[in-house]
Every structure is written in structure tokens, then in C-alpha cells.
Amino acid sequence: MNDFIQEIAPFAQKIQQKYNILPSLIIAQACLESNFGQSGLAQKGKNLFGIKGSYNGQSIKMKTTEFRNGKEYQTDAAFRKYPSWLESLEDLAKLYVNGVSWDRNKYKPIIGETNYVLACKKLQECGYCTDPNYASKLIRIIEKYDLTKYDKVGNKKPVQAVAAAQVYVVQKGDTLTGIAKKYGTTVQNLVKLNSIKNPDLIKVGQKLRLK
């Protein structure tokens, strides 16, 4: 399990640099959805997330369960076959960035999110998976395997565990008003908690107490 994580972690970090998505989130998804790279689809096609179709003309056929008129049946389906884990991870990132044809902003809330707990919860709220426990499963994997060590916020690691919900690291373009709205607090409260003299002047990388 750890070998698989270490193998895909550098790719996940490249994804963060390009698409601004937390590595801990997509590593946890890969672990959960591919059984740590051991699923048949992952082994045969480097396909971590069950994405159908073809990739650069390459695909593999696998048995899959479908439903018609409420009845379950088995059928063959074509799934994308990737040259490496990187392309599989990048396909998922593109889905989050570009959304779906009927809602281009469907997964926008997770782009740029630096708190792994919120990222997991937002992904579920966006309707990525119908499993009501999907977010909690991802969070457990992230915490069990310490996946936040692969996350980068500015030049620093994000605050982990309990502190993750209590401290926010300022990102480029942030305002106190936006941060307050995002975390259900007020500008006045943030100013008081952090002894901020000028509410219009916060710096990238600055840590703000939320509670």
C-alpha cells in the first residue's frame, strides 16, 4: 500500500502544480477506487478511476455492472488505457477543472481548496459519488497514511489534523471577507483573533486562526 502511494505521489504533486488540486485528495481517491492499484482495471490499463472510453485510441474491455429499467446486468465496456498513472490522475483533474457538459462549474469548489477535510466534503457535496460515506472514507485514508505530507500550500505544508479546521493559510487573491464567508465567521472575528491592524492587508502564506 505504501509502495503504491509513494509511486503515485510525485504525479499527484505535479497535478497540484498544474491544476491546484490537493495531492492528498486524489491520492486517497486512487487508493480507494483502485484498491491501492490492485484492481484489474488499474493493473491492466493504469486506470485508477474507472473512466470509460479510450485514451489516445487505447482502451481495454472489462466486465462491468450496469442497470436497465432498474435491473442489474453484466456487460462488456471499453475503459481508457493509460501509459502511466500520471495520465489517469490528470484525466480526473481535468474533470474537476472542466466540469461536465451540463455544468462546467460542478467541481469548482475543490479547486484551490487547501484543507483536506473540506476538500473531501466538498467533493461529495458536488455529487462525485453516491456513497454517503465517500468523504469520510477518503479522510480516513488521508489520516491513516499521512497523505497531507504531499500537500503544499505556498512553500509550506498545510496545518494537519485538528488544527486543519482551525487555521487557514492565506492564498494569492484571498481577502478577509472571502475567508470569513468560506468558513462561516466574520471579518471582525478574524481581525480580533489574529490581531490584524489593517483588514485590507493580508499576505500570502500568512496563517490565520479561524477559531
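**Exercise 1. Establish the order of helices and strands along the chain, and describe the chain as a whole.**

Solution. Step 1: Reading along the sequence of this predicted model, one finds the pattern α-α-α-β-β-α-α-α-β-α-α-β. Step 2: The chain has eight helices and four strands. Step 3: Along the principal axes, the C-alpha atoms fill a box of roughly 65 × 40 × 30 Å. Step 4: The chain has 211 residues, and 42% of them count as buried. Step 5: The chain exposes about 11900 Å², and carbon and sulfur atoms supply 48% of this area. Step 6: Consider the contacts between residues at least 6 apart in sequence; 55% of these join residues at least 24 apart. Step 7: There are 33 positive and 18 negative side chains, and the centres of the two sets lie 4 Å apart.

**Exercise 2. Describe helix α1: its span, its bend, its buried residues and what covers them.**

Solution. Step 1: Helix α1 comprises residues 2-19, which is 18 residues. Step 2: From its first C-alpha to its last, α1 reaches 25 Å, close to the 26 Å expected at 1.5 Å a residue. Step 3: The helix bends by about 35° at A9, and the proline P10 follows within four residues. Step 4: The buried residues of α1 are F4, I5, I8, A9, A12, I15, Q16 and Y19. A9 thus appears both as the site of the bend and among the buried residues. Step 5: The cover of these buried residues includes α2 (23-34) and α4 (85-98). Step 6: After α1 comes N20, with a positive phi near 60°.

**Exercise 3. Carry out the corresponding analysis for helix α4, and examine S88 within it.**

Solution. Step 1: α4 has 14 residues and reaches 20 Å from its first C-alpha to its last, close to the 20 Å expected at 1.5 Å a residue. Step 2: Its buried residues are W85, E87, S88, L89, E90, D91, L92, A93 and Y96. Step 3: Their cover includes α1, α2, α3 (40-45), β2 (71-80) and α5 (116-125). Step 4: S88 is found in this helix. Its relative accessible area is 0%, and therefore S88 is buried. Step 5: When residues up to four places away in sequence are not counted, S88 touches K46, N47, L48, F49 and Y82. Step 6: G99, which follows α4, has a positive phi near 70°.

**Exercise 4. Locate N35 and N56, state the phi of each, and decide whether each is buried, partly exposed or exposed.**

Solution. Step 1: Most residues other than glycine have a negative phi. Step 2: N35, although not a glycine, has a positive phi of about 55°. Phi of N56, also a residue other than glycine, is positive and near 50°. Step 3: N35 lies in the loop between α2 and α3, whereas N56 lies in the loop between α3 and β1 (59-68). Step 4: The relative accessible area of N35 is 48%, so N35 is partly exposed. Step 5: For N56 the value is 69%, so N56 is exposed; the cut-off for exposed is over 50%.

**Exercise 5. Place L210 in the chain, and decide whether L210 is buried or exposed.**

Solution. Step 1: L210 belongs to the segment after β4 (207-209). Step 2: Buried means under 20% relative accessible area. Because the relative accessibility of L210 is 7%, L210 counts as buried. Step 3: L210 and L193 are 17 residues apart in sequence, and their C-alpha atoms are 7.5 Å apart in space.

Note on methods
Residues numbered from 1 in each chain as written. Predicted model: local features only at pLDDT ≥ 70, side-chain atom pairs only at ≥ 80, totals over all residues. Heavy atoms only, no water. Helix = DSSP H or I, 4+ residues; strand = E, 2+ residues; numbered from the N terminus. Expected span 1.5 Å × (residues − 1). Bend = angle between axes of the 7 residues up to and from the residue. Buried < 20%, exposed > 50% of the residue type's maximum accessible area, 1.4 Å probe, protein only. Contact = heavy atoms within 4.5 Å. Areas by Shrake-Rupley, 256 points an atom, 1.4 Å probe, with all protein chains shown as cover. Lys, Arg positive; Asp, Glu negative; His and termini not counted. Charge placed at Lys NZ, Arg CZ, Asp CG, Glu CD.
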